[in-house]
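Student: I'm new to this one and would like a close look at a single part. Could you start with one loop and follow its surroundings from there?

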Amino acid sequence: MKIKIIGIGSYIPNLEVKNTDFDKHVFLNEDGTPFGYPNEVVIKKFKGITGIQNRRYAEPQYNASDLAFFAAQKAIANAGIDAETLDYIIFAHNFGDVKTGTHQTDVLPSLATRVKNKLGIKNPKCVAYDILFGCPGWIEGVLQANAFIKSGMAKRVMVIGAETLSRVVDDHDRDSMIYSDGAGVSILEASTDETGLLSYESATFANDEANYLFFGKSYNPDLDPDIKYIKMYGRKIYEFALSNVPCAMKSCLDKSGISIDEVKKILIHQANEKMDEAIIERFYKLYDKTPPKDIMPMSIHDLGNSSVATVPTLYDLILQGKIENHEINKGDVLIFASVGAGMNINAFVYRY
């Protein structure tokens, strides 16, 4: 038995924030000292490394669970199912609902429960819960859905990835320009043909790597040190990803029995354009090959890094024909992969 995605939906917020909107920010070093060069240079360097030109922020009246609800409605319509037939709702996020203008994470009740409530699902046997797995959370949710369906515990599962990272960034940290908001939702059930999930890989590196992403105080020493923001050691994450993600992808592909020449698309977490390109280069180098043209669709240029939402959103956009020069056809083999806080890595090979 295999599982397949029978429905997909995403929500991209309407509030567009351009790189130039950061012109007036007061960016500081970790020790609170000012940069030795103007914001124009900071932004130019940022664009050259990450590829990000624009990002989307959630409208002030909406929280992560709202974005998830909007995407869930689309996924249900795309699948053509009755929401009452869902056995599980798995919601991957990292910071819960963070209301505009506050710094407090709200996860009571769970975000999955909030989405179930908004969808009006009456069935008490539809179990709703959240997972915290960093940016690879949506993929990990798919792997849990795979386990539930194969074990007979479920027939149909909704997996959500949604986040509002714009609410937990330090405005004085230039890394704040990376993050964005969004939601992607998938619905999965058993596959009765050759399509679906073929193999997977998942791992947590929690020794030296555990705190590469963390919650820390603002770089502005005048702000309350007890208020925390998302922080990262970018260079360490970059090196970790390049050393470990290609190997995990290779292990996953080898388990599937599929040749690398059959892979049509690699949908990788939209974290950093240069890092993603380097990961794909190293992955193909493990097979003594070079990456084919258009193997790696990208959405980061206009949508930024919305964490758990990037991969399902990218998949949805490709199927809608909204990513230029990219399409997915019946029978195509895809690799989904991600890396993020934990440090966690996961991947799965999928036949569309």
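**A loop and what lies around it**

Tutor: D288 is exposed, with a relative accessible area of 75%. Keep in mind that this is a predicted model. You'll find D288 in the loop between α6 and α7. Its backbone deserves a look: phi is positive, about 55 degrees, although D288 is not a glycine.

The loop between α6 and α7 also holds D294. Here too phi is positive in a residue other than glycine, this time near 65 degrees. As for the surroundings of D294, its relative accessible area is 32%, so it counts as partly exposed, a label for values between 20% and 50%.

Now let's see what the helices on either side of this loop do. Both α6 (273-285) and α7 (300-303) are included in what covers the buried residues of α1, and so is β3 (54-57). That makes α1 a good next stop.

Helix α1 runs over residues 39-50, which is twelve residues. From its first C-alpha to its last it reaches 16 Å, close to the 16 Å expected at 1.5 Å a residue. Which residues of α1 are buried? They are N39, V42, I43, F46 and T50. Look down the axis of α1 and these buried residues fall within an arc of 95 degrees, so they line one face of the helix. If you're wondering how residues scattered along a helix can share a face, here is the usual picture: an α-helix has 3.6 residues a turn, so residues three or four places apart point the same way.

Turn α1 around and you get the other side of the story. The face turned away from the buried side carries E40 and K44, which are exposed. Right after the helix comes G51, with a positive phi near 85 degrees.

Next, take β3, one of the elements covering the buried side of α1. N54 lies in this strand. Is N54 buried or exposed? It is buried: its relative accessible area is 11%, and anything under 20% counts as buried. What does N54 touch, leaving aside residues up to four places away in sequence? One run of partners is E16, V17, K18 and N19. The other is I300, H301, D302, L303 and G304. Residues 300-303 make up α7, so following N54 has brought us back to the helix that comes after our starting loop. There is also a link to T20, 34 residues from N54 along the chain: the C-alpha atoms of the two are separated by 9.0 Å.

L303 is a handy bridge to our last topic, the empty space inside. Rolling a probe the size of a water molecule over the atoms shows where empty space is left. Over the whole structure, a search finds two cavities of 30 Å³ or more. The largest cavity holds about 80 Å³ of space. Of the 14 residues that line it, I12, D181, L303, S306 and T313 lie nearest its centre. Two elements give two or more residues to this lining, namely β7 (181-191) and α8 (310-319). The most comes from β7, with three residues. Sorted by class, the lining has six nonpolar, six polar and two charged residues.

The second largest cavity has a volume of about 30 Å³. Its lining is made of H103, R167, V168, F215, K228 and Y229. By class, that gives three nonpolar, one polar and two charged residues.

Two of those names, R167 and V168, come up again in the second largest pocket, where they are among the residues nearest the centre, along with S166, V169 and D171. That pocket has about 410 Å³ of space and a lining of 22 residues. Ten of the lining residues are nonpolar, eight are polar and four are charged.

So, to retrace the path: we set out from the loop between α6 and α7 that holds D288, crossed to the buried face of α1, met N54 in β3, and used L303, a contact of N54, to step to the centre of the largest cavity.

Key:
Residues are numbered from 1 along each chain as its sequence is written. This is a predicted model: local features need pLDDT of at least 70, side-chain atom pairs count only at pLDDT 80 or more; totals for chains, interfaces and linings use all residues. Side-chain values use heavy atoms; hydrogens and water are left out. Helices (H or I, at least four residues) and strands (E, at least two) are DSSP runs, numbered from the N terminus. The expected span of a helix is 1.5 Å times one less than its number of residues. Buried means under 20% relative accessible area, exposed over 50%, partly exposed in between (1.4 Å probe, protein chains only). The arc is that of the directions from the helix axis to the C-beta atoms. Contact means heavy atoms within 4.5 Å. On a 1 Å grid over the protein atoms alone, a cavity is a set of points where a 1.4 Å probe fits but cannot get out, and a pocket is an open set with protein on both sides within 12 Å along at least five of seven lines; lining residues have an atom within 4 Å of a point. Grid points are joined across faces, edges and corners, and a volume is the space filled by probe spheres set on the points. Ala, Val, Leu, Ile, Met, Phe, Trp, Tyr, Cys and Pro count as nonpolar, Asp, Glu, Lys and Arg as charged, and the others, Gly among them, as polar.
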